[in-house]
Each structure stands twice: as structure tokens, then as C-alpha cells.
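Subject: Structure for you to look over

Dear colleague,

Here is the structure I said I would pass on. My notes come after it.

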Amino acid sequence: MKVLDLFSGIGGFSLGLERAGMETVAFCEFDKKAQLVLKKHWPDVPIYDDVRELNGEKIREEIGAVQLISGGFPCQPFSQAGKRKGEEDDRHLWPEYFRLIQEIRSRWVICENVNGLISMGLDQVLSDLESEDYSCQTLVIPACAVNAPHRRDRVWIIGRKRDVSTSECNGLTTS
């Protein structure tokens with residue numbers, strides 16, 4: 001399965017997805033230091049700078065078909081550690097993520113964010129995905145569930161196009 005990794009950071013999503021047998025075909029990461037890490041570990045995978053300038057046509061022309069879009073869109077608009085401005089925050093980039101989902105129409109979507117998204121934007125994210133015919137599952141997984149020494153709840157949203165067959169759900173085929 002070919003993956004477009006948005007808001008890539010240093011590639012944590014791609015590392016895990018590749019361990020599950022998937023292939024990262026492109027990153028989109030704004031931070032120049034994080035880009036250096038991505039280039040070191042994935043030297044042949046293109047990195048796009050700004051999600052606001054990326055579009056589905058460019059991805060299709062330069063990368064080809066993408067079956068999964070993953071990414072943890074910026075959490076600052078929803079975080080307890082910030083001012084919680086939500087949609088009023090310049091870093092609110094869910095609309096850009098969703099625009100790319102609409103343009104690319106991948107079979108799968110994986111989103112991640114802070115627990116504050118639940119009260120400030122989760123309903124919109126789910127509504128947007130469902131409007132594009134994705135069936136969604138939301139999970140809250142604390143960091144301590146993977147042996148971290150703190151709780152730090154994270155919200156995960158997994159969406160699949162409703163026309164994805166059951167056999168593709170069982171084992172997430174890599175074709």
C-alpha cells in the first residue's frame with residue numbers, strides 16, 4: 001500500500017507503516033530540521049514543503065496513486081498547553097488535510113491529534129470524512145499503553161472508503 005505522509009515530523013508514522021509492509025511514496029513537512037532527518041532515512045522519497053501548496057494533481061503526476069494518507073495535523077489549536085484557539089489559530093490545518101483527502105481520494109486515512117481535539121474539532125473531522133464516504137473509527141490511546149512513563153492521551157481516527165472490501169480490511173492488503 002502506497003502512503004502519503006503529511007505533517008511528517010521525523011517520520012514516525014512512516015516508520016510504523018513501513019514495518020507493517022507499506023511503502024511511503026512522499027512526505028510533506030514544513031520544518032527544515034525535520035526534513036533533514038527524513039532525507040537521511042528516506043533519501044529517495046520526495047519531500048514537499050507546505051501542505052497548503054500541495055494538491056492531488058501534483059501527487060498523481062509526480063507520485064502516482066496513493067492508497068493511504070496519514071498524518072498528525074498540528075495540535076497547537078487544540079492543545080491544553082496552548083491557547084486553544086481552534087479554527088481561529090493560523091496553525092489550524094485540518095481544512096488543508098481534508099482538501100487533499102478530497103483531491104486524492106485514498107482508500108484509507110489515518111489522523112492523529114491531542115485529546116483536546118475531542119472537544120474542539122473531532123465532530124468536524126468525522127463529519128468531513130463521512131461526507132466523502134469514509135467509515136471512521138476513533139480511538140484514544142494513552143502513551144502509557146506503549147510503555148511510556150506518562151499518560152498523554154492521543155486521538156486516532158482511522159477512515160476507510162466504504163467501498164473497500166472486507167478482505168482488504170482484514171490484513172490491509174498491500175496491493
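What follows is a description of the sheet, the cores, one helix pair and a few single residues.

This is a predicted model, in which local features need pLDDT of at least 70 and side-chain atom pairs count only at pLDDT 80 or more, while totals for chains, interfaces and linings use all residues. Residues are numbered from 1 along each chain as its sequence is written, and side-chain values use heavy atoms, with hydrogens and water left out.

The sheet

Helices (H or I, at least four residues) and strands (E, at least two) are DSSP runs, numbered from the N terminus. Two strands are called paired if DSSP finds at least two bridges between them. On that basis there is an open sheet of seven strands, in the order β3-β2-β1-β4-β5-β7-β6, and its pairing is mixed. The edge strands are β3 (47–48) and β6 (134–142); each has a single partner strand, so one side of each has no neighbour in the sheet.

Going through part of that order, β1 and β4 run parallel and are joined by four bridges, with Leu4 opposite Ile69 of β4. Four bridges also join β4 to β5, again parallel, and here Ser70 has Ile110 of β5 as its bridge partner. The pairing of β5 (residues 108–114) with β7 (residues 153–161) is antiparallel, over seven bridges. In that pair, Ile110 is matched with Ile158 of β7 and Cys111 with Ile157 of β7. Finally, β6 and β7 run antiparallel and are joined by nine bridges; Tyr134 stands opposite Lys161 of β7.

Strand β4 (residues 68–71) is covered on both faces: Leu68 and Ser70 on one side are buried, as are Ile69 and Gly71 on the other. Buried here means under 20% relative accessible area, exposed means over 50%, and partly exposed is in between (1.4 Å probe, protein chains only).

The cores

In soluble globular proteins, nonpolar side chains tend to be buried together. A nonpolar core is taken as a set of buried Ala, Val, Leu, Ile, Met, Phe, Trp, Tyr and Cys residues joined through side-chain atoms within 4.5 Å. The largest one in this model has 33 residues, and Leu6, Phe73, Trp94, Tyr97 and Ile157 have the most contacts inside it. Two or more residues each come from β1 (2–6), β2 (23–28), α4 (94–104), β5, α6 (122–131) and β7. The most come from α4, which gives six. A second, separate core has eight residues, including Met1, Val3, Leu68 and Val164.

Contacts are heavy atoms within 4.5 Å. Leaving aside neighbours within four places in sequence, Leu6 is in contact with Cys28, Leu54, Ile69, Ser70, Gly71, Gly72, Tyr97 and Leu100. Leu4, in strand β1, is buried at a relative accessible area of 0%. Among the residues that Leu4 touches, with the same neighbours left out, are Ala26, Ile59, Val66 and Ile104.

The α4 and α6 pair

Two packed helices are described by the angle between their axes and the distance between the axes. The axes of α4 and α6 come within 11 Å and cross at roughly 15 degrees, which makes the two helices roughly parallel (an angle under 35 degrees). The axes are lines fitted to C-alpha atoms, for helices over the stretch in contact, with angles from 0 to 180 degrees between N-to-C directions. At the interface, Trp94, Phe98 and Ile101 of α4 meet Gln124, Val125, Asp128, Leu129 and Ser131 of α6.

Single residues

Is Glu29 buried or exposed? Glu29 is in the loop between β2 and α2 (32–41) and is buried, with a relative accessible area of 11%. Its C-alpha lies 5.3 Å from that of Ser8, although the two are 21 residues apart in sequence. Beyond its neighbours within four places in sequence, Glu29 has contacts that include Phe7, Gly9, Leu38 and Tyr48.

Most residues other than glycine have a negative phi. Asp133, in the loop between α6 and β6, has a positive phi near 70 degrees and is partly exposed at 36% relative accessibility. Arg152, in the loop between β6 and β7, also has a positive phi, of about 40 degrees.

Regards

Key
Parallel < 35°, antiparallel > 145°, perpendicular 65-115°, else oblique.
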